[in-house]
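Let's take a friendly walk through this structure together. Keep the picture at hand and look for each residue as we reach it.

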Amino acid sequence: TIAGVPNPDYSMVHSQFVNDAVKVNPNPVTGTLYFSSPQNADLTSVLYSVSGKEVATKTLTGNDMLDVSLLPAGLYFYVIYDQSGGAVQRGKIAVNR
């Protein structure tokens, strides 16, 4: 586990999310991060710094954008949660300048 970043419990992953994983791009990112998720899936993406501090949150509704242009360059981790708070996906993103 990464210090401060929640470790998802994959036992609660619903099959629709396994088949329709959220796409997060580009990686590395310089300005805008794009999310492509199932419509009306009621998902939330949370971006964490390497120290585990929550730096951004975005409710996902299908095709969404998150402006990361004000974040310092570095490595960030994201966790995507379902409506009950269960983690369904996680990954890392590099922010470049």
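Start with Leu-33, whose bridge partner in β5 is Leu-66. What you are looking at is a predicted model, so please keep that in mind as we go. A little further along, Phe-35 has Asp-64 as its bridge partner in β5. Both of these pairs belong to the pairing of β2 with β5, which is antiparallel and runs over five bridges.

Strand β2, residues 32-36, also pairs with β1, again in the antiparallel sense, this time over three bridges. Here you can find Asn-25 standing opposite Tyr-34 of β2. Between β1 and β2 there are six residues, and the two strands form a hairpin. Put these pairings together and you have an open sheet of three strands, in the order β1-β2-β5, with antiparallel pairing. The edge strands are β1 (23-25) and β5 (63-67), each of which pairs on one side only. From one strand to the next, the twist averages 20°.

Now look at the faces of these strands. In a regular strand, the side chains alternate between the two faces of the sheet. Which residues of β2 are on the covered face, and which on the uncovered one? Leu-33 and Phe-35 make up the covered face of β2, while Thr-32, Tyr-34 and Ser-36 make up the uncovered one. Strand β5 can be read in this way too: Asp-64 and Leu-66 are on its covered face, and Asn-63, Met-65 and Asp-67 are on its uncovered face.

Let's return to Leu-33 and ask what surrounds it. Leaving aside neighbours within four places in sequence, Leu-33 is in contact with Val-24, Asn-25, Pro-26, Asp-64, Met-65, Leu-66, Val-68 and Ile-93. In soluble globular proteins, nonpolar side chains tend to be buried together. The largest nonpolar core in this model has 19 residues, and those touching the most other members are Val-24, Leu-33, Leu-47, Val-68 and Ile-80. Two or more residues of this core come from each of β2, β3 (43-49), β4 (54-60), β6 (74-81) and β7 (87-95). Apart from this core lies another, of five residues, including Val-46, Val-79, Tyr-81 and Ala-87.

Val-46 and Val-79 lead us to the next sheet, since Val-79 in β6 is the bridge partner of Val-46. Strands β3 and β6 run antiparallel and are joined by six bridges. They take their places in an open sheet of four strands, ordered β4-β3-β6-β7, whose pairing is antiparallel. Why do β4 and β7 each have one side without a neighbour in the sheet? They stand at the edges, and each has a single partner strand, so one side of each is left without a neighbour there. The twist in this four-stranded sheet averages 20° from one strand to the next.

Our last stop is Ser-49, which has its place in strand β3. Is Ser-49 buried or exposed? Its relative accessible area is 13%, and the cut-off for buried is under 20%, so Ser-49 counts as buried. The side chain of Ser-49 also makes a polar contact with the side chain of Ser-51, at 2.9 Å.

Notes:
Residues are numbered from 1 along each chain as its sequence is written. This is a predicted model: local features need pLDDT of at least 70, side-chain atom pairs count only at pLDDT 80 or more; totals for chains, interfaces and linings use all residues. Side-chain values use heavy atoms; hydrogens and water are left out. Two strands pair if DSSP finds at least two bridges between them. Axes are lines fitted to C-alpha atoms, for helices over the stretch in contact, and angles run from 0 to 180 degrees between N-to-C directions. A nonpolar core is a set of buried Ala, Val, Leu, Ile, Met, Phe, Trp, Tyr and Cys residues joined through side-chain atoms within 4.5 Å. Buried means under 20% relative accessible area, exposed over 50%, partly exposed in between (1.4 Å probe, protein chains only). Contact means heavy atoms within 4.5 Å. A polar contact is a pair of N or O atoms within 3.5 Å; within protein, one must be able to donate a hydrogen and the other to accept it, and residues adjacent in sequence count only if both atoms are side-chain atoms.
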